[in-house]
Amino acid sequence: MTTHAGRDIIDLAEPPDEDPLVDVARQLLKEIGEDPDRDGLRDTPQRFARWWREFVDYHPGTVETLFESTTTSQLVIVSDIRVWSLCEHHLLPFNAAVTIAYRPTGHLLGLSKFARVAHRHAHKLQVQERLVADIAHDITTITGTPDVAVIARGEHLCMTMRGIKASALMTSTAYHGAFATDSALRGELLSLARP
Ligand SMILES: [Zn+2]
């Protein structure tokens, strides 16, 4: 703060409450042998902090828009919902194509809500197995049907960028209700959801 003509003027170049993540980024850059004050990196700590806040402060909006339905035992599949998440073991990104299926019992969930539920659980530190379990849990709770299946096929940078550096896709599934007990229903889902 500087005093000018008897009044206090806030120096805009120095934000009063800097995000502690800015310091974390500066420290990280130093630890890997970089100079955080060099030209290309000067604004990187602020960008780093903004990105992390944006990632963890994600708000999916309304996810519980339901429509009445008279049909029962119908199979509804929403496939290829693309999400990005962060692997909690390495803090490296993974992307996944998510398929959500359910058999409505009187209530249909609005189409966009499936993506919102998927993104809500992707915007945190995750492992793919828990991502599918979390999505299945929400869809079960919101729609009130026990018959829910979630399949995710993910590519993990912690596998492709480090370690064995092999490109591979990992598939995780969560089958609940009839999807767990009825192999014909599961077969129908898998044949219809195939990209
Ligand atoms: Zn990992």
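**View A. Where β4 meets β7.** In this predicted model, strands β4 and β7 pair in the parallel sense, over 2 bridges. Look for Cys87: it stands opposite Gln126, a residue of β7. β7 covers residues 125-126 and is an edge strand, so it pairs on one side only.

**View B. The β4-β5 hairpin.** β4 and β5 pair as well, this time in the antiparallel sense and over 9 bridges. To find your way along the pair, start at Val78, whose bridge partner in β5 is Ile100. The two strands form a hairpin, with 5 residues between them. Leu91 is in the turn of that hairpin, and its phi is positive, about 55°, although it is not a glycine. That deserves a second look because most residues other than glycine have a negative phi. Is Leu91 buried or exposed? Leu91 is exposed, with 10 other C-beta atoms within 10 Å, and the cut-off for exposed is 12 or fewer.

**View C. An odd backbone angle inside a strand.** Asp80 is not a glycine either, yet it has a positive phi of about 60°. Where do you find Asp80? It sits in strand β4, which runs over residues 76-87. Asp80 is exposed, with 10 other C-beta atoms within 10 Å.

**View D. The whole sheet.** Here β4 and β5 take their places in an open sheet of 5 strands. Which order do the strands follow? Read across, they go β7-β4-β5-β8-β9, with mixed pairing. The edge strands are β7 and β9. Between β5 and β8 there are 9 bridges, and these two strands run antiparallel. One of the bridged pairs is Ala96 with Gly154, the latter in β8.

**View E. Two helices on the sheet.** α3 lies across β4, β5 and β7, and runs at about 20° to β4. α7 packs on the sheet too, touching β4, β5, β8 and β9. The direction of α7 makes about 75° with that of β4.

**View F. Inside the largest nonpolar core.** This core has 28 residues, and the members that touch the most others are Val98, Ile100, Ala118, Ile135, Ala149 and Val150. At least two residues each come from β4, β5, α3, α4, β8, β9 and α7. Which of the elements gives the most to this core? β5 does, with 6 residues. Nonpolar side chains tend to be buried together in soluble globular proteins. Now zoom in on Ala149: leaving aside neighbours within four places in sequence, it is in contact with Ala101, Ala174, Tyr175, His176, Phe179 and Leu189.

**View G. Helix α4 and its buried side.** α4 takes in residues 128-143, so 16 residues in total. At 1.5 Å a residue it should span 22 Å, and its end C-alpha atoms are 23 Å apart, which agrees. The buried residues of α4 are Gln128, Leu131, Val132, Ile135, Ala136, Asp138, Ile139 and Thr143. They cover an arc of only 165° around the axis, which puts them on the same side of α4. Just after the helix comes Gly144, with a positive phi near 75°.

**View H. Stepping back.** The protein has 7 helices and 9 strands. Of its 195 residues, 24% count as buried. Among contacts with a separation of 6 or more, 67% are between residues 24 or more positions apart.

Technical notes. Residues are numbered from 1 along each chain as its sequence is written. This is a predicted model: local features need pLDDT of at least 70, side-chain atom pairs count only at pLDDT 80 or more; totals for chains, interfaces and linings use all residues. Helices (H or I, at least four residues) and strands (E, at least two) are DSSP runs, numbered from the N terminus. The expected span of a helix is 1.5 Å times one less than its number of residues. A residue is buried if 20 or more other C-beta atoms lie within 10 Å of its own, exposed if 12 or fewer, and partly exposed in between; C-beta atoms are placed from the backbone. The arc is that of the directions from the helix axis to the C-beta atoms. Two residues are in contact if their C-beta atoms, placed from the backbone, lie within 7 Å. A nonpolar core is a set of buried Ala, Val, Leu, Ile, Met, Phe, Trp, Tyr and Cys residues joined through C-beta atoms within 7 Å. Two strands pair if DSSP finds at least two bridges between them. Axes are lines fitted to C-alpha atoms, for helices over the stretch in contact, and angles run from 0 to 180 degrees between N-to-C directions.
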